[in-house]
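Grab a pencil and work through these short exercises on domains and cysteines. Try each task before you read its solution.

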Amino acid sequence: MKRRNFVKNTLLGSMTAAIGTDIVFGSMMPNHYKPLALQEPDPFKLFNLDDSMVVLNSKPWNVEAKAHLLDDRITPNKFMFIRNNGIIPENIDVNKWTLTIDGESVKQKRTYSLEELKSKFKQYTYQLTLECGGNGRSEFDPPAKGNQWTIGAVSCANWTGVRLRDILADVGVKDDAVYIGYHSTDIHLSRDPNKEPISRGAPMPKVMQNETLIAFKMNGEDIPLSHGYPLRLVAGGWPASVSGKWVNRISVRNIIHDGAKMTGTAYRVPCNPVGPGEKVKDEDMCIIESMPVKSLITYPKSGAIIKEGNSLHIRGHAWAGELEVSKMKYSIDFGSTWNDCSIEKPINRLAWQHFKASIAFPKKGYYEVWARATDTKGKNQPMLLPGWNPKGYLNNACHRIAVKVS
Ligand SMILES: Nc1nc2c(c(=O)[nH]1)N[C@H]1C(S)=C(S)[C@@H](COP(=O)(O)O)O[C@H]1N2
Ligand SMILES: [Mo]
């Protein structure tokens, strides 16, 4: 009885500390009861997010931005979408964190400490576009299951780390290597320690690109916990699911990696186009590689009102997976005619590009501004929804904002 009271009092003490004030009738609280103030953690405080961000799910945490929140040239932490497949790792000890390189296709398995990675290999910083393969899913009809991302599951932060190719050169890779697969310390939603929430990867040519990093810094600081602290793979231009967070092992495989969410229909689209709602066999689904051309108007916010006779200055970002954006246009007449925006070169490969335009409107009334990017191979964004696919990936339709001239 005494011991029970002791346990209860200690718990009460820590709960009081967490709430920040006395729990007045704390002694009356039922055993094992968690006060409301501690039940649903505030994601904005938990993840240092701006409180205009939109929470799509709390189990696991999935949070997206709105177009106008992505106006910065380099996405700040507070506006970066969070996409989790499992539970964020608990009790990380960075002093004990290691990265192991193993798999059928390494000459010898090897483990590095964080310090070793940082001191042994040259460090690089790149601004890299990470877009969730499911960004835009909410528009598909028939609907696709999964997080109903609208347009805010994209970011372009600065990532600092070492090149995966340099690490693999140090380890020694066999000629039969075709793919890498990452393994991470996040926890499966079932809490079954034998299950991984996600373990994806990339083929060797993508792995060997200069911009494919094992990163330990985001925007010049330690990577925030929700984005993969203390170590993450970053492979810009491909579905962001390739960029494993909390990575502690990379397997060099002599087959296409077969980890969680690599097989079946996950992060795959029909190899050949299908009609809306059509059933597609697993073997007819192909792995998504480079993301398609896309753009966002980040200023002004949809719903802008301007005075007749004034021009509207719009700006935003455009990206095209492995390619560059070569042309950027806007339309104010639902796609009947298009005018040029100016578009900058990317700061480095796989970084988004910035565009702007100054728009004059012919008279008072309601308008929509549509933005359309074209990649270096001549592909345009579709004006409305692209091909339907069962899992709702790769919606790169033109972004549109409403404008009133009064
Ligand atoms: N270990 C691990 N890595 C992960 C995920 C995850 O759930 N666990 N989610 C992936 C997916 S689907 C996306 S879109 C990106 C999201 O990165 P962010 O949360 O840093 O924006 O992380 C990827 N890496
Ligand atoms: Mo994703």
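**Exercise 1: the domains**

This is a predicted model, and the domain assignment splits the protein into domain 1 (2-39), domain 2 (54-287) and domain 3 (294-405).

Task: Find what distance separates the centres of domain 1 and domain 3.

Solution: Take the centre of each domain over its C-alpha atoms; domain 1 and domain 3 then come out 53 Å apart.

**Exercise 2: the disulfide**

Task: Work out which cysteines form a disulfide, and which parts of the chain the pair ties together.

Solution:
1. Look for cysteine sulfur atoms within 2.5 Å of each other. Cys 271 and Cys 286 fit the bill, with their sulfurs 2.1 Å apart. The structure holds 1 disulfide.
2. Check the twist: the angle about the S-S bond is 100°, and the link between Cys 271 and Cys 286 is right-handed.
3. Place the two ends. Cys 271 sits in the loop between β14 (268-270) and β15 (285-287), while Cys 286 is in strand β15, so the pair joins parts that are 15 residues apart in sequence.

**Exercise 3: buried or exposed?**

Task: Sort Cys 271, Cys 286, Cys 132 and Cys 341 by how accessible they are.

Solution:
1. Buried means under 20% relative accessible area, and exposed means over 50%.
2. Cys 271 has 35% relative accessibility, so call Cys 271 partly exposed. Cys 286, at 33%, is partly exposed too.
3. Cys 132 has a relative accessible area of 6%, so Cys 132 is buried.
4. What about Cys 341? Cys 341 is in no disulfide, and the nearest cysteine sulfur, from Cys 398, is 11 Å away. With a relative accessible area of 9%, Cys 341 is buried.

Technical notes:
Residues are numbered from 1 along each chain as its sequence is written. Chains are lettered from A and ligands numbered from 1 in the order in which they are written. This is a predicted model: local features need pLDDT of at least 70, side-chain atom pairs count only at pLDDT 80 or more; totals for chains, interfaces and linings use all residues. Side-chain values use heavy atoms; hydrogens and water are left out. Domain bounds come from an automatic or database domain assignment. Helices (H or I, at least four residues) and strands (E, at least two) are DSSP runs, numbered from the N terminus. Buried means under 20% relative accessible area, exposed over 50%, partly exposed in between (1.4 Å probe, protein chains only).
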